Amino acid sequence: AAALALKEVPQCNSQWTDEYVRQFVAADVSVAVNTDRGLITPIVFNADAKKITEISADVKALAAKAKDGKLKPDEFLGGTFTISNLGMFGMKQFTAIINQPQACILAVGGTEKKVVPNEGADAWETPFVTKSVMLVSLTSDHRVVDGAVGAEWLKSFKKHVENPLLLLMP
């Protein structure tokens with residue numbers, strides 16, 4: 001979902017330099033992994049061009065290599081965007097710190113069940129339903145990505161997360 005949102009809002013797939021702003025074509029998504037030696041961010045290269053099953057396999061393999069201390073520098077140096085997930089630690093929401101020189105990082109909290117209004121066709125019969133809700137926040141370098149662009153990216157991300165069939169399309 002993040003990689004597809006980067007394709008739709010490419011300004012968030014950028015980095016700041018003293019001379020210029022570099023915008024990337026490929027979404028090379030770094031994923032924060034906690035290890036005994038601290039946090040490291042292995043990269044899922046070309047995530048925007050991969051199937052969700054390939055991304056899942058890459059993240060699992062990279063996380064295992066990171067925990068074993070076997071990542072090569074080219075597997076964790078770089079990346080165009082980072083995702084940090086603290087949901088497994090019980091965090092509902094947090095603010096992640098940008099991995100410079102990237103322009104953005106997504107902080108993903110845990111899911112929780114909430115009672116919400118039913119917007120379906122049967123709302124008259126069942127006015128409320130229980131849904132899983134997840135809070136995310138986007139931290140951005142405002143020299144590159146201002147609040148309006150960040151909100152546009154979050155809207156795209158939300159669209160993809162809430163419509164998982166979109167993640168299965170090539």
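Cysteine 104 is buried, at 0% relative accessibility. Its sulfur lies 4.1 Å from the closest cysteine sulfur, in cysteine 12, too far for a bond. Cysteine 12 is likewise buried, because its relative accessibility is 0%. A disulfide is a covalent bond between the sulfur atoms of two cysteines. The cut-off for such a pair is 2.5 Å, and the sulfur of cysteine 12 is 4.1 Å from that of cysteine 104, so no bond is assigned here. The structure holds zero disulfides. This is a predicted model.

## The nonpolar core

Both cysteines belong to the largest nonpolar core, which has 27 residues. Cys12 and Cys104 are among the residues with the most contacts inside it, along with Leu6, Val29, Phe81, Val145 and Trp153. Two or more core residues come from each of these elements: helix H1 (2-8), strand E3 (29-31), helix H2 (52-67), strand E8 (104-117) and helix H3 (147-162). H1 gives the largest share, four residues. Apart from this core lies another, of five residues, including Ala96, Ile98, Ile105 and Ala107. In soluble globular proteins, nonpolar side chains tend to be buried together.

Which residues does tryptophan 153 contact, leaving aside its neighbours within four places in sequence? They are Ala2, Ala5, Leu6, Val9, Cys12, Phe81, Leu106 and Leu138. Leu6, Cys12 and Phe81 also appear among the core residues with the most contacts.

## Two helices

Tryptophan 153 sits in H3, where it is buried. The other buried residues named for this helix are Val149, Gly150, Ser156, Phe157 and His160. Why do they lie on the same side of H3? They cover an arc of only 120° around the axis. Ala148 and Lys155 are exposed on the other side. The buried residues of H3 pack against H1, strand E7 (81-85), E8, strand E9 (128-140) and helix H4 (165-168). Aspartate 146 caps the N-terminal end of H3. One of its side-chain oxygens lies 3.2 Å from the backbone nitrogen of alanine 148.

H2 shows a buried face too. Leu62, Ala63 and Ala66 are buried in this helix. Seen down the axis, they fall within an arc of 100°, so they line one face. The face turned away carries Thr53 and Lys60, both exposed. The partners of the buried residues of H2 are strand E4 (33-35), strand E5 (38-40) and strand E6. Glycine 69 follows H2 and has a positive phi, near 70°.

The table sets out the lengths of these helices.

| Helix | Residues | Expected span | Span between end C-alpha atoms |
|---|---|---|---|
| H2 | 16 | 22 Å | 22 Å |
| H3 | 16 | 22 Å | 22 Å |

For H2, the span agrees with 1.5 Å a residue. For H3, the reach is close to what is expected at 1.5 Å a residue.

## Buried polar residues in loops

Threonine 80 is found in the loop between H2 and E7. This residue is buried, with a relative accessible area of 2%. What does its side chain make a polar contact with? The partner is the side chain of asparagine 13, at 2.5 Å. Not counting residues up to four places away in sequence, threonine 80 touches Cys12, Asn13, Ser14, Phe24, Ala26, Ala27, Asp28 and Gln102.

Glutamine 102 is in the loop between E7 and E8. Buried or exposed? Glutamine 102 is buried, with a relative accessible area of 2%. Its side chain reaches the backbone oxygen of glycine 78 at 3.2 Å. Beyond four places in sequence, glutamine 102 touches Ser14, Gln15, Ser30, Gly78, Gly79, Thr80, Phe81 and Thr82.

## Backbone exceptions

Most residues other than glycine have a negative phi, and most peptide bonds are trans. Two places depart from this. The peptide bond from glutamine 100 to proline 101 is cis, with omega near 10°. Proline 101 lies in the loop between E7 and E8, which also holds glutamine 102.

Asparagine 46 has a positive phi of about 55°, although it is not a glycine. Asparagine 46 belongs to the loop between strand E6 (43-44) and H2. Its relative accessible area is 39%, which means that asparagine 46 is partly exposed.

Terms used: Residues numbered from 1 in each chain as written. Predicted model: local features only at pLDDT ≥ 70, side-chain atom pairs only at ≥ 80, totals over all residues. Heavy atoms only, no water. Core = buried A, V, L, I, M, F, W, Y, C linked by side-chain atoms within 4.5 Å. Buried < 20%, exposed > 50% of the residue type's maximum accessible area, 1.4 Å probe, protein only. Contact = heavy atoms within 4.5 Å. Expected span 1.5 Å × (residues − 1). Arc of directions from axis to C-beta. Polar contact = N/O pair within 3.5 Å; in protein donor to acceptor, adjacent residues only side chain to side chain.
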